[in-house]
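Here are my notes for anyone opening this one for the first time. Have a look at the model, then read the points with it beside you.

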Amino acid sequence: MLGLPLAFTVPAVLLCLLGLPVLYYLLRITPPRPEQVPFPPLKLILDLKPKDETPVRTTWWLLLLRLALAALLILAMAGPIWNPRHILTPGRGPLLVLLDDGWPAAPDWATRMTTASDQIGAAGAENRLTALALTSDGARDIAPDDSAKLVEQLRARKPQPFVPDRMATLGAVQKFLSAHSDANIVWICDDLDVGGGRAFAAALAAASPHVTVLTGRHADLAIASTENAAAGLTAHLLRRDTGGVQSGKLVALDLKGLSLGEAPFDFGTATETQAHFDLPIELRNEVSRVAIRDEHSAGAVSLLDSRSKRRRVGIVTGTSADEAQPLLNPAYYLTKALSPFAEVRQAHGDEDPIISLLDENVSVLVLADVGVTSQAAHDRLVKFIEDGGILLRFAGSRLAAADDDLIPVTLRRGGRILGGSLSWDKPKQLQTFDKDSPFFGLPVPADVTVSRQVLAEPEPGLVGKTWAALSDGTPLVTEVSRGKGVIALVHVTADTGWSNLPLSGLFVDMLRRIVDLAGTTAVAPDDPAKATAAGVQKDTGALAPHLILDGFGVLGAPPVTAQSIHANDTNVASLDHPPGFYGPTAALIAVNPLQPNDTLKPLDLSNLSLTRNSFEEDHPIDAKPWLLLVAALLALADALASFWLSGAFRGRLRTAASALALIAILALPQAFPHPAQAQTQAQTAPGQQNLPAVPPRDMDAALQTRLAYVVTGDPQVDEISRQGLTTLSWVLQQRTSITPGDPMSVDPAHDDLAFYPIIYWPIVAGRPQPSQEAITHIADYMKRGGTVIFDTRDALTARRDGPPTPEALWLRQLLSGVDVPELEPVPKNHVATRTFYLIDSFVGRYSNGETWLEALPPETPDEANRPARAGDSVSPILITQNDLASAWAIDRMGQPLVPLTPGAPAMQREMALRGGVNLVMYALTGNYKADQVHAKALIERLAR
């Protein structure tokens with residue numbers, strides 16, 4: 001209330017200052033100075049003076065020093081704060097605190113909470129009625145309550161991700177003022193003219209003469225819209241005034257929160273600017289939100305849904321080259337309509353245009369008046385549609401005269417309406433789109449007419465296949481689902497020959513809706529379970545909330561108040577429909593905090609009888625440490641003065657100085673903690689212990705690649721494993737770029753396996769099964785990308801049609817608790833047989849055993865001639881019968897430790913080592929060798 005630059009958190013301590021006069025009189029009196037006398041008792045008795053001595057007064061400067069020391073200690077204990085937050089509670093009547101809690105309040109929400117709590121607490125301390133109202137509460141009645149309860153309620157509130165309508169709160173405020181006419185209003189305001197700001201302020205000024213408006217200093221920043229345009233991803237940014245933040249960075253994030261790119265922005269002297277992300281289309285399509293770095297509010301986030309993705313659209317026309325004039329070519333109208341939201345591709349060169357565009361991985365293929373396709377193109381189109389592609393066809397003379405099965409309906413032979421009894425007297429207009437149509441919600445212009453069309457033969461279900469129809473009920477756009485994809489047919493041409501539809505904005509909107517279907521999964525209308533799981537409510541076609549933004553711009557689970565939306569509605573953020581993502585994951589619809597035409601205009605409070613102040617002052621400074629420091633210095637000076645006046649200064653100065661220095665060293669760190677120490681204390685939870693030291697063997701394994709083998713307990717088997725992996729490590733160092741260290745023996749139950757890319761486990765049937773802890777560690781190791789080679793070493797005793805060997809039974813029991821993928825014998829064209837050496841199988845001490853690893857997906861025709869095939873990841877498990885380590889094991893003299901079976905041991909040992917090299921390279925590099933088959937196509941595509 002005083003507006004002073006100094007306040008005290010414990011002002012009652014200041015009453016101790018009243019005792020300074022008493023202290024003054026006590027300090028004035030000092031005892032007589034001690035006199036030194038000889039030790040002999042007789043001399044001491046003779047020299048005693050019987051008369052009384054009066055004390056002397058303390059010197060004035062020492063007296064002032066001690067009084068100042070006492071005053072400093074009292075002030076320090078009172079908790080002095082420099083630049084405290086001012087408590088502005090005018091008048092003596094009831095206090096109503098109004099708080100704007102939209103997204104503009106998020107950046108300084110903590111300061112607003114402190115200001116509001118201080119206002120309520122100060123009024124409560126004065127026994128005044130207190131009330132609290134947030135603008136997001138709308139017309140909810142405002143009732144006075146205990147100040148402590150209001151503060152607790154306030155702490156539970158968070159900023160909303162939208163801008164509430166302030167005028168909706170006006171009725172509740174006026175009702176409160178009618179019951180408490182002498183009430184004082186403190187409005188903690190956003191300082192933005194949004195949500196009826198000027199009108200609300202004028203109404204407050206007219207309703208009460210005691211209104212104080214508190215605004216902050218934070219410069220509001222927001223993203224009005226983000227467009228995935230042809231030139232790149234572009235964000236339109238706003239700021240409240242030219243005095244705010246001038247420059248910064250935007251970050252583009254995917255749905256998982258991973259950063260995909262950054263873009264700088266600079267407002268200069270303007271209040272609006274744009275920022276551009278230079279990203280390839282594949283990354284742009286993965287962007288789900290764009291956010292202003294270090295601006296924590298929902299307004300600083302712009303969400304992009306499936307409608308914002310720029311899908312690749314290929315266009316093929318049946319127009320011959322000599323007719324390719326700009327305004328006569330359907331491709332011209334299609335390109336103009338698709339370019340704002342899609343990447344348009346047209347085929348060039350001598351290749352089949354359909355096959356060429358499909359090779360470019362288009363999402364939508366548009367065939368404009370294409371009647372006849374080659375068999376190869378037809379087969380590719382069928383596969384493209386069944387795999388989820390969209391085939392969009394436009395009618396024309398060639399399509400009307402052709403026989404084609406890639407159309408949604410049966411066309412009437414020669415179905416172009418050119419004359420006769422079925423000819424139209426005048427062009428037909430379009431009907432309003434049905435709610436089941438993807439075009440639902442689009443306005444139908446009255447000037448869009450159709451003069452010619454191809455007709456569909458009447459058949460059952462024709463109405464269900466119709467997306468758009470003319471005023472006489474004849475279909476204009478029909479569709480049919482095939483596999484995962486869609487075939488759609490527009491029954492007019494893509495140029496202006498049969499209709500003026502290509503000249504309208506409706507044409508652009510219809511194409512956009514069709515392109516938006518690419519990559520989405522349709523939910524069967526008669527399958528409520530799938531509809532609910534996908535986030536679509538069957539009865540209403542509404543989209544359930546999926547992820548919702550909070551006021552700080554963080555995506556999270558939707559609140560209970562969030563309601564469903566309809567995809568075709570104009571969705572504006574509100575309490576019922578907060579900004580976020582709605583609908584199924586495959587086809588999310590975004591509701592943004594701001595609309596593209598929104599602005600950030602400062603709130604104009606001129607000519608209104610309001611008191612305006614800022615709730616943000618300079619940062620408060622705790623003056624207690626500084627006062628204690630000055631008090632310590634004064635205490636040191638007092639001690640030195642006392643020693644000087646006592647005459648013992650010379651002898652005791654060093655001792656006193658050492659003691660005071662020790663006290664200062666111990667006390668000052670408590671008053672001024674080191675930043676690193678404070679940070680450590682802040683980050684360390686109570687009771688948290690330091691991390692354990694890393695064992696030396698784990699440190700060695702982390703710093704250098706090492707192979708590992710499981711200790712079985714059989715000394716002979718373990719020694720062969722060690723020697724075999726040692727030899728393999730030496731071969732890897734000599735023949736590849738890998739420089740592995742000495743192999744390590746591991747115990748799965750106790751050792752950390754994450755440091756080893758591959759672990760060799762020879763099976764010994766006579767040993768006991770490992771513990772459950774060891775099995776859990778092995779399963780976790782395999783799930784996290786590690787590879788385990790289980791070697792049963794039973795190739796000579798195993799029979800394909802006979803009973804399993806003891807080693808196989810032992811391994812089967814071990815793996816019963818492990819999530820093992822489907823296995824298959826190693827194919828000859830598997831990437832593991834091609835990763836370094838070209839081999840056919842993995843041999844060891846034996847060459848007749850089988851080797852199994854994770855099964856690959858079924859081979860497709862495109863993969864028939866590939867030199868190497870691979871799955872999505874490295875196989876976590878490999879099972880062999882050939883005793884690999886025995887073939888690898890060679891002693892220091894270069895002599896093999898175990899003989900091989902059958903003959904040609906030198907070649908068999910060399911092939912075993914090559915197989916070992918391939919396995920290590922496969923575990924370390926994954927499927928890169930399989931990807932090399934795409935290098936030529938990638939280079940050619942980049943060249944284009």
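The points below go through charged pairs, one sheet, a histidine, a surface patch and some aromatic rings.

1. A word on the basis. This is a predicted model, where local features need pLDDT of at least 70 and side-chain atom pairs count only at pLDDT 80 or more, while totals for chains, interfaces and linings use all residues. Residues are numbered from 1 along each chain as its sequence is written, and side-chain values use heavy atoms, with hydrogens and water left out.

2. Salt bridges come up a lot here: the structure holds 27 of them (a side-chain nitrogen of Lys or Arg within 4 Å of a carboxyl oxygen of Asp or Glu). One of them joins R157 and D137, at 2.9 Å from N to O. That pair links distant parts of the chain, 20 residues apart: R157 sits in the loop between α5 (147–155) and α6 (167–179), and D137 in the loop between β6 (130–134) and α5. Helices (H or I, at least four residues) and strands (E, at least two) are DSSP runs, numbered from the N terminus. R157 counts as partly exposed because its relative accessibility is 24%, whereas D137, at 18%, counts as buried. The cut-offs are under 20% relative accessible area for buried, over 50% for exposed and partly exposed in between (1.4 Å probe, protein chains only).

3. Now try R722 and E719, whose closest N and O atoms are 2.6 Å apart in another salt bridge. Why are they about one helical turn apart? Because they are three residues apart in helix α19 (residues 715–735). R722 is partly exposed at 31%, and E719 is partly exposed at 35%. Elsewhere, D100, D108, R112, R166 and D190 are joined into one network by salt bridges that share partners.

4. For a sheet, look at the open, antiparallel one with four strands in the order β28-β27-β29-β30. Strands pair if DSSP finds at least two bridges between them. At the edges are β28 (555–556) and β30 (589–591), each pairing on one side only. Strand β27 (residues 545–549) and strand β29 (residues 580–582) run antiparallel and are joined by three bridges; L547 has F581 in β29 as its bridge partner.

5. Is H830 buried or exposed? H830 is buried, at a relative accessible area of 1%. You'll find H830 in the loop between β37 (823–825) and β38 (851–854). A polar atom of its side chain lies 3.0 Å from the backbone nitrogen of A832.

6. On the surface, W60, W61 and L64 make a nonpolar patch of about 390 Å². Such patches take residues with over 30% relative accessible area and no salt bridge, joining nonpolar side chains (Val, Leu, Ile, Met, Phe, Trp, Tyr) within 5 Å and like charges within 9 Å. Areas come from the Shrake-Rupley method with a 1.4 Å probe; for residues, only the protein chains shown count as cover. L64 belongs to helix α3 (residues 60–77).

7. Last, the rings. There are ten aromatic pairs (rings of Phe, Tyr and Trp, its six-membered ring, with centres within 6.5 Å; planes under 30 degrees apart are stacked, over 60 edge-to-face, the rest tilted). F433 and F439 are edge-to-face, with centres 5.5 Å apart and planes at 65°, and both are buried. These two form one aromatic cluster with W467. W761 and F790 make a tilted pair, 5.5 Å centre to centre with 35° between the planes. W761 is in strand β35 (residues 758–762) and F790 in strand β36 (residues 787–791), so the pair ties together parts 29 residues apart in sequence.

Note on methods
A polar contact is a pair of N or O atoms within 3.5 Å; within protein, one must be able to donate a hydrogen and the other to accept it, and residues adjacent in sequence count only if both atoms are side-chain atoms.
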